[in-house]
Amino acid sequence: DSVGLTDTASVNISVGVLPSMTIDSPAAGTTWQAGDTISFTGSARDSSNNPLTGTSLVWSINLEHCNRTTPSCHTHVIQNLTGGGGSLVAPEHEYPSHLELKLTATDASGVSASVTRRLDPRTVAITLDSQPAGASLTLGTETLTAPFTLDVIRNSRLPITAPTSAHIGGVLH
């Protein structure tokens, strides 16, 4: 650069044809609720059209938990395994969140490629209210002033907490 400083970055480049792969099930657009058993299968072939099996196929199943007010998400690892498929029990979790099934195939030359399938949950709206209105109530980890309505993942059990007394409009209730 202009003051004589330098830096180096390296990137590994694999030469070869990427494996072709598909997630066979569940189908795109499949939805889930907490407690559902979700089976998944996938397949891949190398550049010579030979099937890739066993440890050549790696699954990463994650829950992406996002923020209601910003586009940021963080990852909860559900499970990692090898082979042509498996199953998982859909977790109880706060919304918004979704599952991601990622299949990575690696051929004998070490060339790998991945495909991901997003699975969105079925939701239900929950309304919390207080008498009188205005108490600070908590659903899961979200504390808001009642009344309010939040979407939650169906069949998820989330704690609800309320104060034993509250100052609402300057009056202790």
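A disulfide is a covalent bond between the sulfur atoms of two cysteines. I start my notebook with that, and with a reminder to myself that this is a predicted model.

**Entry 1: the disulfide**

How many disulfides does the structure hold? I looked, and the count is 1. The partners are cysteine 66 and cysteine 73, and their sulfur atoms sit 2.1 Å apart. I then checked the handedness: the torsion about the S-S bond is about 95°, so this disulfide is right-handed.

Are the two cysteines buried or exposed? Cysteine 66 has a relative accessibility of 16%, and because the limit for buried is under 20%, I wrote it down as buried. Cysteine 73 comes out at 40%, so I noted it as partly exposed, the class between 20% and 50%.

**Entry 2: asparagine 62**

Next I went to strand β5, which covers residues 57-66. Asparagine 62 lies in this strand. Its relative accessible area is 16%, which means that asparagine 62 is buried.

What does asparagine 62 touch, once its neighbours within four places in sequence are left aside? I found two stretches of the chain in the list. One is Thr75, His76, Val77 and Ile78. The other is His98, Leu99 and Glu100.

**Entry 3: glycine 85**

I moved on to strand β7, residues 85-89, where glycine 85 lies. With a relative accessibility of 27%, glycine 85 counts as partly exposed.

Here I looked for a partner from elsewhere in the sequence. Threonine 41 is 44 residues away from glycine 85 along the chain, yet their C-alpha atoms are 4.1 Å apart in space. Threonine 41 is also one of the contacts of glycine 85, together with Phe40 and Trp59, when neighbours within four places in sequence are left aside.

**Entry 4: the nonpolar cores**

Trp59 made me curious about the nonpolar cores. Which residues of the largest nonpolar core touch the most other members? The core has 21 residues, and the answer is Trp32 and Trp59. I then asked which strands supply this core: β1 (20-25), β3 (37-45), β5, β8 (97-106) and β9 (112-121) each give at least two residues. Another core, of 10 residues, lies apart from it, and its members include Leu137, Leu139, Phe148 and Val152.

**Entry 5: the cavity**

I searched for cavities of 30 Å³ or more and noted 1. The volume of the largest cavity is about 40 Å³.

Which residues line it? I wrote down Arg68, Glu94, Tyr95, Leu139, Glu142, Leu150, Asp151, Val152 and Leu158. Strand β13 (residues 148-153) gives the largest share of this lining, with 3 residues. By type, the lining divides into 5 nonpolar and 4 charged residues, with no polar ones. Looking back at my core notes, I see that Leu139 and Val152 are among the members of the 10-residue core, and both also appear in the cavity lining.

**Entry 6: backbone oddities**

Before looking at the backbone, I jotted down a rule of thumb: most residues other than glycine have a negative phi, and most peptide bonds are trans.

Where are the cis peptide bonds that I looked up? One joins tyrosine 95 and proline 96, with omega about 5°. Proline 96 is in the loop between β7 and β8. Another joins glutamine 131 and proline 132, with omega about -5°. Proline 132 is placed in the loop between β10 (123-128) and β11 (136-139).

I then looked up positive phi values. Asparagine 49 has a phi near 70°, and this residue lies in the loop between β3 and β4 (51-52). Asparagine 155, with a positive phi of about 75°, is in the loop between β13 and β14 (160-161).

**Entry 7: arginine 122**

My last stop was the loop between β9 and β10, where arginine 122 is found. Its relative accessible area is 30%, so I put arginine 122 down as partly exposed.

Proline 132 came up again here. It is 10 residues from arginine 122 along the chain, and their C-alpha atoms are separated by 32 Å. Leaving aside neighbours within four places in sequence, I listed the contacts of arginine 122 as Thr31, Trp32, Gln33, Asp36, Val152, Ile153 and Arg154. Two names were already in my notes: Trp32 from the largest nonpolar core, and Val152 from the cavity lining.

Methods
Residues numbered from 1 in each chain as written. Predicted model: local features only at pLDDT ≥ 70, side-chain atom pairs only at ≥ 80, totals over all residues. Heavy atoms only, no water. Helix = DSSP H or I, 4+ residues; strand = E, 2+ residues; numbered from the N terminus. Buried < 20%, exposed > 50% of the residue type's maximum accessible area, 1.4 Å probe, protein only. Contact = heavy atoms within 4.5 Å. 1 Å grid on protein atoms, 1.4 Å probe; cavity = no way out; pocket = protein on both sides within 12 Å on 5 of 7 lines; lining within 4 Å. Points joined across faces, edges and corners; volume = space filled by probe spheres on them. Nonpolar A, V, L, I, M, F, W, Y, C, P; charged D, E, K, R; others polar. Disulfide = S-S within 2.5 Å. Core = buried A, V, L, I, M, F, W, Y, C linked by side-chain atoms within 4.5 Å.
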